[in-house]
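Here's a quick briefing to read with the model open beside you. Have a look at the sequence and the fold, then work through the points below.

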Amino acid sequence: MRRIYLDNHATTPVDPRVLEAMLPFFSEQFGNAASRSHSYGWDANNAVEQARVSVAKSIGAASSHSIVFTSGATESNNLALKGALEYYGDKGNHVITTAVEHKSVLDTVKRLGTRGCEVTVLGVDALGRVDPETVRQALTDKTVLVSVMLANNEVGTVQPIAEIGEILHERRVLFHVDAAQGLGKIDFDVEQMNVDLASLSAHKVYGPKGCGALYLSRKRPRVRVSPQLDGGGHERGMRSGTLNVPAIVGFGRACQLFSIEGLEEQTRIARLRDTLQSRLLEALPKVSVNGDPEHRLPGSLNMSFHHVEGEGLMLALKDIALSSGSACTSATLEPSYVLSAMGVDPTLAHSSIRFGIGRFNTEEEIDIVAERVISEVRRLRGMSPLWEMVEQGIDPASIRWATT
Amino acid sequence: MLYSDKVIDHTDNPRNVGTLDVNDPNVGTGLVGNPACGDVMRLQIRVDAEGRIAQARFKTFGCGSAIAASSLVTEWVTGKSLDEASALKNTAIAAELNLPPVKLHCSVLAEQAIEEAIEDFLRKQASLAEKVPAK
């Protein structure tokens with residue numbers, strides 16, 4: 001049976017056109033972009049600067065100088081949070097974020113907390129959305145930065161970035177957006193949305209892994225961060241380390257591609273997602289959708305199949321690449337903290353599957369996936385003692401389970 | 001998550017999935033785990049007149065390792081005496097299935113399930129014996 005990849009929120013394949021753009025920079029044009037004195041260096045540097053322009057344009061940034069290349073969104077998040085709190089330390093020490101952020105934000109913020117920063121983590125509603133009012137109310141005169149993701153990786157919920165940006169612009173508090181998941185899929189314009197810092201990831205937009213960027217607004221006053229990597233002073237002193245030229249070139253090309261093809265592509269992807277969702281909802285009783293059906297990434301579908309466990313279902317669907325919010329899939333045996341923050345019952349978190357549809361998925365694949373999911377859910381329900389109870393009219397939630 | 005071939009075999013071809021009549025005096029039922037933890041196993045045994053397990057059935061809500069552990073247990077206890085079945089150790093289950101450390105709790109739960117099924121059967125037998133007047 002052929003494999004089908006439906007885990008595009010975890011990573012995406014490198015687009016062949018991106019790969020093509022990258023290859024010369026491994027062999028003929030292999031120079032170090034910082035080699036100022038010869039043509040190998042100049043060529044590499046030119047390619048990097050072109051990529052910088054492409055990345056900047058794709059997020060509506062006026063100047064390419066606002067882009068700092070990093071090894072990925074995790075590094076960008078670290079640089080943004082640690083770098084800003086350090087640089088603006090005399091203005092305050094309070095940072096605000098949400099409970100559904102990526103670990104690279106949450107764990108960084110936790111570390112800042114151990115270093116004497118005040119931390120506020122805002123809750124979200126049942127759809128995974130943060131209310132801009134709660135942001136406003138959490139602000140103090142010591143707040144340096146607020147960090148909210150553009151869209152969530154697990155359930156696809158799109159956050160009200162423009163509304164929050166307006167509030168923070170008024171209150172003169174820095175606004176950082178982790179745009180790793182949302183970039184290239186939904187509108188993201190840093191100037192229109194009053195975003196001061198933004199983390200970007202190449203491998204989520206059909207570019208290579210190991211490359212990302214941090215946008216730093218150059219509107220007066222320019223946003224600054226204390227560098228976290230010292231060394232040769234690359235990226236105007238903000239991020240030392242020889243640039244990964246091929247990957248950066250790839251990232252630039254990937255941004256160009258979604259800037260040109262984006263709208264049409266996302267409409268098609270949303271249609272595939274909606275088809276999959278309706279097929280599953282029609283065929284199977286007792287399933288629920290996690291996240292915000294209105295404000296959701298086009299390719300994102302997170303569903304719970306009641307009384308069937310997520311990892312077991314994924315194993316049964318072994319030729320289809322998916323992921324789950326079940327505890328069994330995590331090394332720590334804790335269920336998805338995003339679903340928990342949304343108030344999703346732990347049992348339903350254990351039954352959740354995340355489908356991530358992307359550029360290279362086809363209608364045929366969606367048909368196959370729908371059929372297989374329906375068939376395996378039915379088979380596993382036939383093996384589930386909880387489903388048997390449901391069929392007999394007993395609510396499993398009414399049983400007093402021995403707590404382990 | 002790397003699965004052993006045996007785990008995959010048991011999840012693709014589970015043995016003895018099903019339900020025995022919970023009201024049958026010769027049937028013992030063990031229901032262990034918790035949906036909130038993502039693991040629930042129901043193991044049932046039918047014991048014959050000689051005190052051997054004639055039939056075993058399971059249903060499990062859980063990951064591949066949990067399904068495999070409970071399926072394996074039904075295979076192993078069929079044909080055994082109650083004493084032999086209660087000697088079943090989770091370590092043996094884990095070894096047979098090559099369970100990684102993070103999945104060892106699935107084998108522990110399976111051991112608990114068979115213990116409870118046996119206990120349930122013995123409890124039933126004991127209360128039946130009370131009802132029958134001494135001859």
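How many helices and strands does chain A have? Chain A comes with 12 helices and 12 strands. Keep in mind that this is a predicted model. Chain B brings 5 helices and 3 strands, and its elements run α-β-β-β-α-α-α-α along the sequence.

**Chain A overall**

- A compact globule of 404 residues would have a radius of gyration near 22 Å, and chain A agrees with that at 22 Å.
- Along its principal axes, the C-alpha atoms of chain A take up a box of roughly 75 × 50 × 35 Å.
- Buried residues account for 51% of the 404 residues in chain A.
- If you take the contacts in chain A between residues at least 6 apart in sequence, 72% of them link residues at least 24 apart.

**The two domains of chain A**

- The domain assignment splits chain A into domain 1 (16-258) and domain 2 (262-393).
- Measuring nothing by hand here: the computed C-alpha centres of domain 1 and domain 2 of chain A are 30 Å apart.
- Where the two meet, domain 1 of chain A puts in 22 residues and domain 2 of chain A puts in 20 residues.
- On the domain 1 side of that contact in chain A, you'll find 11 nonpolar, 8 polar and 3 charged residues.

**The open sheet in chain A**

- In chain A, 7 strands line up as an open sheet in the order β2-β8-β7-β6-β5-β3-β4, with mixed pairing.
- The edges belong to β2 (67-70) and β4 (118-122) of chain A; each has a single partner strand, so one side of each has no neighbour in the sheet.
- On average, neighbouring strands of this sheet are turned by 20° against each other, ignoring direction.
- As a reminder, strands of a sheet pair through backbone hydrogen bonds, in either a parallel or an antiparallel way.
- Which sense does the pairing of β3 and β4 of chain A take? Strand β3 (residues 94-98) of chain A pairs with β4(A) in the parallel sense, over 5 bridges.
- Within these strands, A:T98 sits opposite A:L122 in β4(A).

**Helices on that sheet**

- Helix α4 (residues 103-114) of chain A packs on the sheet and touches β3, β4, β5 (143-149) and β6 (174-178) of chain A.
- The direction of α4 of chain A makes about 155° with that of β3(A).
- Helix α6 (residues 161-171) of chain A packs on the sheet too, touching β5 and β6 of chain A.
- For α6 of chain A, the direction makes about 160° with that of β6(A).

**Chain B overall**

- Starting again from its 5 helices and 3 strands, chain B has a radius of gyration of 15 Å, close to the 14 Å that the globule rule gives for 135 residues, so it is as compact as a globular protein of that length.
- The C-alpha atoms of chain B fit a box of roughly 60 × 30 × 20 Å along the principal axes.
- Of the 135 residues in chain B, 46% are buried.
- Among contacts in chain B with a separation of 6 or more, 62% come from residues 24 or more positions apart.

**Where chain B meets chain A**

- The contact draws 24 residues from chain B and 25 residues from chain A.
- On the chain B side, β1 (27-34), β2 (39-47), β3 (53-61) and α2 (64-77) each supply at least two residues.
- Which element gives the largest share of the side of chain B that touches chain A? That's β1(B), with 4 residues.
- By class, this side of chain B has 14 nonpolar, 8 polar and 2 charged residues.

**Two asparagines to check in chain B**

- Most residues other than glycine have a negative phi.
- B:N16 has a positive phi of about 60° without being a glycine, and its place is the loop between α1 (5-12) and β1 of chain B.
- B:N16 has 19 C-beta neighbours inside 10 Å, so it counts as partly exposed; buried would take 20 or more.
- B:N98 also isn't a glycine, and its phi is positive, near 55°.
- You'll find B:N98 in the loop between α4 (90-97) and α5 (104-131) of chain B.
- With 15 C-beta neighbours inside 10 Å, B:N98 counts as partly exposed.

Definitions and conventions:
Residues are numbered from 1 along each chain as its sequence is written. Chains are lettered from A and ligands numbered from 1 in the order in which they are written. This is a predicted model: local features need pLDDT of at least 70, side-chain atom pairs count only at pLDDT 80 or more; totals for chains, interfaces and linings use all residues. The radius of gyration is taken over C-alpha atoms; the globule rule is 2.2 Å times the number of residues to the power 0.38. A residue is buried if 20 or more other C-beta atoms lie within 10 Å of its own, exposed if 12 or fewer, and partly exposed in between; C-beta atoms are placed from the backbone. Two residues are in contact if their C-beta atoms, placed from the backbone, lie within 7 Å. Two strands pair if DSSP finds at least two bridges between them. Axes are lines fitted to C-alpha atoms, for helices over the stretch in contact, and angles run from 0 to 180 degrees between N-to-C directions. Ala, Val, Leu, Ile, Met, Phe, Trp, Tyr, Cys and Pro count as nonpolar, Asp, Glu, Lys and Arg as charged, and the others, Gly among them, as polar. Domain bounds come from an automatic or database domain assignment.
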